[in-house]
Amino acid sequence: MTAPVLAVEGVTVERQARSGSVRILRDLAFTVQPGETVALVGESGCGKSMTALAIMGLLPPRIRVAAGSIRLDGEDLARADARTLNRIRGDRISMIFQDPMTALNPVFTVGEQIAEVLRVHRGLSPANALARALDLLKAVDISDPAHRLRQYPHELSGGMRQRVMIAMAVACEPRLLIADEPTTALDVTVQAQVFELLRDLKRRLGMALILITHDMGAVAELADRAVVMYAGRAVEYAPVEELIRAPCHPYTQGLIGCIPDMESGDANAELTEIPGMVPDLAAIGPGCAFADRCGLADAACRAELPPVMERAPGHRVACWKA
Amino acid sequence: MTPPTAPLLQVDGLSVEYVLPATRAFGHKRVMRAVDEVSFSVARGTSFGIVGESGSGKSTTAAAIMRLVAIASGRILFDGERLDALGGEALRRFRRRLQIVLQDPYSSLNPRARVAEIIREPLDIQEIGTRGERRARTDELLALVGLRPEAGRAFPHQFSGGQRQRIGIARALATNPELVVCDEPVSALDVAIQAQVLNLLKRLQRERGLTFVFISHDLGVVHYMCDQVGVMYLGRLVEIAPAKRLFSRPLHPYTKALLAARPSIHARDRVSKAAGAIAIGDPPSPTEIRSGCRFAGRCSAAQAICRREAPLLEPKDEQHEVACHFATP
């Protein structure tokens, strides 16, 4: 096995509050191999976006990595200082966000924003950086790229803005791209195009991808492996095919069963419900956080946290009943 | 009396126009046709789904059926009556028979009103029952959507998104409507919560014989909820068919593109997507509509005639209508 691009090990992230600290990520561990796509899946509040921010060193104030390491090609980002992170971010690791309108700067042209990345990280002259920005717009299949270069974000459609974000993110040919719900704000036909673009860029640049999503369909389309997260903890790790064919954790089973499925469609069958809702992280007991919503849970589940156990090679689950 | 087989809702050549502000001072105001000559009918006790992307006019169609926006032309028949011709007091009284569930349960509930007041308000406006009866009805409605009676005393912000949508559903059912228009009722919710709300809507429909007009951008949701489905693109209905039929044998290239684009958990088993099936480019803005078929610019099968002449929505057979010069299975 080759060395992973990214190795997250035992990462715990805490939010400081007056009443003490709340753990928003708990003992998270996963790796991303070169060129691989790993999906982080779960509902809102499960900690998937927080994981991305922890990797990028962009955690909000009063939230910090309390334990564990995040190694990018061996270098621990959790302990890196601001200067080191500034050097790495946008160069060896970069990120695209859900809403490209708020992530782009409204007062600079698209060309200037892409060029900035190259001037800062590659020391290109403004003219050279702009020329390279044009190439990048071509690489992300934007129509009429020379004209777009001079446009402002508000003049572009949502799909085009996301392409611009992607162009900025891959400008320095990063080892790892983190995509946080990259298509949630887009229409489905445009989403399909963005997925195709991400697949194509990955192939051409050989970069690894972390896809953050709530959509199991998107996971199946893009990812090689998936980490299912619930209430700040990874509850199941598996290759995507296996995860969808034979999910072990009751939460994963629920997430797959609650999608209206038209292919194997018996439209009259009720959708699987996951009753209740995501628990308050500050009020989680000692046991499994999913126990209150789980049909299989018993006293043991509520009393003791299930450890992550290997079910099959590469397939790990944290559940007493799996 | 209309015979029982007559549709509960019949929309006939409906158009809705919005006037856009002039781009220059003293310039001409432009008119945008958000809904253009849309016709469909919904049988009592069934669900009619409308799918489409943003800007397709599906929410405007919903608003027009509810008489919340002005209608430029066309007729809306509800149980044989001209809903589009009603006004004033007659319209107000009629409204108890049709209600709407809105997309965003965060902005569609008054943050300053208690839940019981929110649910009771349609009864107050319609002057249905005595005060005591209204109170009892409110409790009954809370139970119906799976909320405890104590919930009535709380404010909307004390609830999660899924619970708020239940409150919105309870409000819509307060007057015992025959038709409920659901405008993207689950798209603001997490997937696990979506399933709860969809199952609830389906159960309510079964138990009370409700008729739904169900609007969504999610094909899976529409497939699950609806008997009959219409696909909208830039203000036009481009295809209508029974749900099963539409999704297994779509005829319009846009419907095919939507189906091909939908991320599926069966992505791995699926034979590789036909390259031509994915729509090209972004949907154009509804303000920049050219002549001919509106999908022509993104369609891989488009010919010269498509850019010249807009195809009409015509029946292919008894069940299936499509608007395409080259519709093939």
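Helices (H or I, at least four residues) and strands (E, at least two) are taken as DSSP runs and numbered from the N terminus. With that in place, W320(A) sits in the segment after β12 (315-317) of chain A. The model here is a predicted one, in which local features need pLDDT of at least 70 and side-chain atom pairs count only at pLDDT 80 or more, while totals for chains, interfaces and linings use all residues. Residues are numbered from 1 along each chain as its sequence is written, and chains are lettered from A and ligands numbered from 1 in the order in which they are written.

Back to the tryptophan. W320(A) is partly exposed, with 19 other C-beta atoms within 10 Å; on this scale, a residue with 20 or more such neighbours is buried, one with 12 or fewer is exposed, and anything in between is partly exposed, with C-beta atoms placed from the backbone. Setting aside neighbours within four places in sequence, W320(A) is in contact with A300(A), C301(A) and P306(A), contact being two C-beta atoms, placed from the backbone, within 7 Å. L296(A) is 24 residues away from W320(A) along the chain, and their C-alpha atoms are separated by 9.5 Å.

Now for the sheets. Chain A has an open sheet of eight strands with mixed pairing, in the order β6-β7-β8-β3-β9-β10-β12-β11; two strands pair if DSSP finds at least two bridges between them. At the edges stand β6 (93-96) and β11 (309-312) of chain A, each with a single partner strand, so one side of each is left without a neighbour in the sheet. Neighbouring strands of this sheet are turned by 20° against each other on average, direction ignored. (Axes are lines fitted to C-alpha atoms, for helices over the stretch in contact, and angles run from 0 to 180 degrees between N-to-C directions.) Within the sheet, β3 (residues 37-41) of chain A runs parallel to β8(A), with five bridges between them, and L40(A) has I212(A) as its bridge partner in β8(A). Helix α7(A) lies across β6 and β7 of chain A, at about 175° to β6(A).

Another set of strands in chain A centres on β1 (residues 6-17), which pairs antiparallel with β4 (residues 63-72) over eight bridges. There, E9(A) stands opposite S69(A) of β4(A). β1(A) also pairs antiparallel with β2 (residues 20-32) of chain A, this time over nine bridges, and the two form a hairpin with two residues between them. V13(A) faces L25(A) across that pairing.

Chain B also has an open, mixed sheet of eight strands, ordered β6-β7-β8-β3-β9-β10-β12-β11. Its edge strands are β6 (98-101) and β11 (314-315) of chain B, each pairing on one side only. β11(B) is joined to β12 (residues 321-322) of chain B by two bridges, and the two strands run antiparallel; E314(B) stands opposite V322(B) there. Helix α5 (residues 161-173) of chain B packs on the sheet and touches β6 and β7 (179-183) of chain B, its direction making about 175° with that of β6(B). Elsewhere in chain B, eight of the eight residues of helix α1 (residues 58-65) are buried, so this helix is largely enclosed by the rest of the structure. Just after α1(B), R67(B) takes a positive phi of about 60°.

Helix α8(A) deserves its own look. It has 18 residues and reaches 26 Å from first C-alpha to last, close to the 26 Å expected at 1.5 Å a residue, the expected span being 1.5 Å times one less than the number of residues. Its buried residues include V188(A), F195(A), L198(A) and L201(A). The buried residues of α8(A) pack against α7, β7 (176-180), β8 (208-213) and α9 of chain A, together with α9 (253-261) of chain B. Just after the helix, G206(A) has a positive phi of about 65°.

The same helix turns up in the chain contact. In total, 38 residues of chain A are in contact with 35 residues of chain B. On the chain A side, α8(A) supplies the largest share, six residues. By class, that side has 18 nonpolar, 11 polar and nine charged residues; Ala, Val, Leu, Ile, Met, Phe, Trp, Tyr, Cys and Pro count as nonpolar, Asp, Glu, Lys and Arg as charged, and the others, Gly among them, as polar.
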